[in-house]
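I opened my notebook to get to know a new structure. Here is the model I had on screen while writing.

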Amino acid sequence: MFKELNCIHLISLFEDVPFWAQPVFWIIVSLLLLAVILIWTRRMFKTREQRLMLDNKVMSLQQRIERVRLNPHFIFNVLNSIHGFVLFDEKKKAEKYLLKFSSVMRKLLTKSKEDRISIKEELQLIKAYLELESIRFDDSILISFSGEIESELLIPTMVIQPIAENAVKHGIVNQKGKKPLLINNLKQI
């Protein structure tokens, strides 16, 4: 009788257990599930990174288009001013204005190819633009810069120029006499 019990016990140990109930199966399933999650997560991050890169590229191209596209109002005013100088026989003023305009345009077109420039270069562009505007208004715009300028600090090209243009167009153009324009400490940008 004792022998018979041992045989039954041995048989029960080696019974076939369904594959899904074996620990090895669950380890393999867990590893496969983990691999699928990792691949999916990696793909999602890669897709998101590509989308962000495309968005940045689109924004960069839009900024470049904005920089290249010149303000038609500004060009019209320049040509109109030159016409006025020639019409009223102010050839020296027309020549000075035309030379300054060509200098401003050269700088604008050269710098518009760059995504970022130093504040110092941006201020040089603004100064040239404001000198052009000052000639247009009988040298009545008094341009002054205050504060230290960090020349290493890079900013998007043509980001300050529209502010200066609006200051002239909407702020000081209608003032009588000398028109002071102060560009204050740009170190804090």
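My entries below go from the whole chain to single residues.

**Entry 1: the whole chain**

I noted at the start that this is a predicted model. I then looked up the secondary structure and found six helices and four strands. Reading from the N terminus, I wrote the order down as α-α-α-α-β-α-β-β-α-β.

Next I asked how much of the chain is buried. Of the 189 residues, 25% count as buried. For the accessible surface I noted about 14,300 Å², with 64% of this area belonging to carbon and sulfur atoms.

I also looked at contacts between residues at least 6 apart in sequence: 78% of them join residues at least 24 apart.

**Entry 2: the nonpolar core**

I turned to the inside with a general point in mind: in soluble globular proteins, nonpolar side chains tend to be buried together. Here the largest nonpolar core has 30 residues. Those with the most contacts inside this core are Val78, Tyr97, Ile126, Leu130, Leu132 and Val168.

Which elements supply at least two residues each? I listed H3, H4, H5, helix H6 (161–172) and strand S4 (179–183). The most comes from H5, which gives nine residues.

I picked Leu130 for a visit, leaving aside neighbours within four places in sequence. Leu130 is in contact with Ile143, Ala164, Val168, Leu181 and Ile183. Val168 thus appears in my notes both as a contact of Leu130 and among the core residues with the most contacts.

**Entry 3: a glutamate inside**

Is Glu133 buried or exposed? Glu133 lies in helix H5, which covers residues 119–136. I found a relative accessible area of 4% for Glu133, so this residue counts as buried, the cut-off being under 20%.

I then looked up what Glu133 touches, not counting residues up to four places away in sequence. The list reads Phe74, Tyr97, Ile141 and Val168. Two names from the core entry return here, since Tyr97 and Val168 are among the core residues with the most contacts.

**Entry 4: aromatic pairs**

How many aromatic pairs does the structure hold? I found two.

Phe25 and Trp26 make one of them, an edge-to-face pair with 5.2 Å centre to centre and 80 degrees between the planes. Phe25 is partly exposed at a relative accessible area of 26%, and Trp26 is partly exposed as well, at 45%.

Phe85 and Tyr97 also pair edge-to-face, with 5.4 Å centre to centre and 80 degrees between the planes. This pair links distant parts of the chain: Phe85 belongs to helix H3 (residues 72–87) and Tyr97 to helix H4 (residues 91–111), twelve residues apart. Both Phe85 and Tyr97 are buried.

**Entry 5: salt bridges**

I looked up salt bridges and found two in the structure.

In one of them, the side chains of Lys91 and Asp89 meet at 3.9 Å, N to O. Lys91 is exposed, with a relative accessible area of 62%. Asp89 is exposed too, at 56%.

I stayed with Asp89 a little longer. This residue is found in the loop between H3 and H4. Its phi is near 60 degrees, a positive value in a residue other than glycine.

Lys100 also forms a salt bridge, with Glu131 as partner and the closest N and O atoms 2.6 Å apart. Because Lys100 lies in helix H4 and Glu131 in helix H5, the pair ties together parts that are 31 residues apart in sequence. Lys100 is partly exposed, with a relative accessible area of 23%. Glu131 is also partly exposed, at 26%.

**Entry 6: a nonpolar patch outside**

Last, I looked for nonpolar side chains on the surface. Which residues form a nonpolar patch there? I wrote down Ile27, Leu31, Leu34 and Leu38, which together have about 410 Å² of accessible area.

I checked Leu34 by itself. Leu34 lies in helix H2, which covers residues 23–68. At a relative accessible area of 46%, Leu34 is partly exposed. Patch members need over 30% relative accessible area, so Leu34 meets that cut-off with its 46%.

Definitions and conventions
Residues are numbered from 1 along each chain as its sequence is written. This is a predicted model: local features need pLDDT of at least 70, side-chain atom pairs count only at pLDDT 80 or more; totals for chains, interfaces and linings use all residues. Side-chain values use heavy atoms; hydrogens and water are left out. Patches are made of residues with over 30% relative accessible area and no salt bridge: like charges are joined within 9 Å, nonpolar side chains (Val, Leu, Ile, Met, Phe, Trp, Tyr) within 5 Å. Accessible areas come from the Shrake-Rupley method with a 1.4 Å probe; for residues, only the protein chains shown count as cover. A salt bridge is a side-chain nitrogen of Lys or Arg within 4 Å of a carboxyl oxygen of Asp or Glu. Buried means under 20% relative accessible area, exposed over 50%, partly exposed in between (1.4 Å probe, protein chains only). Rings of Phe, Tyr and Trp (its six-membered ring) pair if their centres lie within 6.5 Å; planes under 30 degrees apart count as stacked, over 60 as edge-to-face and the rest as tilted. Contact means heavy atoms within 4.5 Å. A nonpolar core is a set of buried Ala, Val, Leu, Ile, Met, Phe, Trp, Tyr and Cys residues joined through side-chain atoms within 4.5 Å.
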